Amino acid sequence: MRRTERFKVESSNSLWQIYQTVPFWKVVKNFIVIQLARYTPFLNMKNWLYRVFLKMKVGKETSFALMVMPDIMFPEKITVGRNCVIGYNTTILAHEYLIKEYRIGEVIIGDEVMVGANSTILPGVTIGDHAIVSAGTLVHKDVPAGAFVGGNPMRLIYTKEEMDKRDLD
C-alpha cells in the first residue's frame with residue numbers, strides 16, 4: 001500500500017470540497033507557476049520556479065522535460081533527487097480526491113532516476129536511486145533502487161542485479 005494520509009469527507013465528493021483542503025490562492029499561484037514552467041525551455045529556470053515558488057525539493061542537474069505536470073495542490077510534498085530526467089508530459093501527484101475521502105502522500109524520486117514520457121506517479125510512492133521508469137507507466141507502488149519498471153499497471157521488468165548484468169554484457 002502507498003504511504004498516504006486519508007481524510008474522510010461527508011456529503012459531496014472530496015473534490016467538490018477542495019478549498020476546505022487547500023487555500024484557493026495557493027492553487028491559483030501554483031497553477032500560474034506550473035504553467036510557466038511547463039512551457040519554458042530553460043531547465044535552470046524550471047528548477048528555480050519549482051524550488052522557490054512551489055517549495056519542491058529538486059536536486060542539482062535534474063531535468064524536467066516540456067509539459068511535466070507536478071501536483072498543483074501539494075507540490076511541496078514532491079522530492080526529486082539530483083541528475084534525474086523527468087520525461088515529457090509526466091504527471092507527479094501528491095494527492096487523490098475520491099468520492100468519500102481524499103489522500104495526500106509524499107512522492108520521493110531518488111538520484112539519477114529516469115522517468116519516461118507520459119508516465120503518472122501516484123502519491124505515497126518512492127522511486128529508488130538509479131531506477132528507470134518506462135514511458136507510459138502508472139507508478140502505483142514503490143520502485144526499488146536500480147530497477148527497470150514499466151506498464152499499466154506497473155510491473156518489474158529488470159531488477160538492479162539484472163540491470164547490472166546487462167550493463168556488463
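Me: Before we get to Asp 111 and Arg 82, what makes a pair a salt bridge?

Reply: A salt bridge is a side-chain nitrogen of Lys or Arg within 4 Å of a carboxyl oxygen of Asp or Glu. Keep in mind that this is a predicted model, where local features need pLDDT of at least 70, side-chain atom pairs count only at pLDDT 80 or more, and totals for chains, interfaces and linings use all residues. Residues are numbered from 1 along each chain as its sequence is written, and side-chain values use heavy atoms, with hydrogens and water left out.

Me: So why is Asp 111 with Arg 82 called a salt bridge?

Reply: Their closest N and O atoms are 3.9 Å apart, and the rule asks for within 4 Å, so the pair passes. Asp 111 sits in the loop between E10 and strand E11 (114-115) and Arg 82 in the loop between E5 and strand E6 (85-86), so the bridge ties together parts 29 residues apart in sequence. Strands here (E, at least two residues) and helices (H or I, at least four) are DSSP runs, numbered from the N terminus.

Me: How many salt bridges does this rule give?

Reply: The count comes to ten. One of them joins Glu 96 and Arg 2 at 3.2 Å, N to O. Glu 96 lies in strand E8 (residues 95-97) and Arg 2 in the segment before strand E1 (5-8), so parts 94 residues apart in sequence are tied together.

Me: Why is Glu 96 called buried?

Reply: Buried means under 20% relative accessible area, exposed over 50%, and partly exposed in between (1.4 Å probe, protein chains only). Glu 96 has 14%, so it counts as buried. Its partner Arg 2, at 19%, also counts as buried.

Me: And what makes Glu 76 and Lys 26 a salt bridge?

Reply: Their side chains meet at 3.0 Å, N to O, so they satisfy the within 4 Å rule. Glu 76 has 25% relative accessibility, so it is partly exposed; Lys 26, at 22%, is partly exposed too.

Me: Which residues touch the most other members of the largest nonpolar core?

Reply: Phe 64, Ile 109, Ile 121 and Ile 127 do, out of 40 residues. Such a core is a set of buried Ala, Val, Leu, Ile, Met, Phe, Trp, Tyr and Cys residues joined through side-chain atoms within 4.5 Å. Helix H2 (24-39) is among the elements giving two or more residues to this core, and H2 gives the most, with four.
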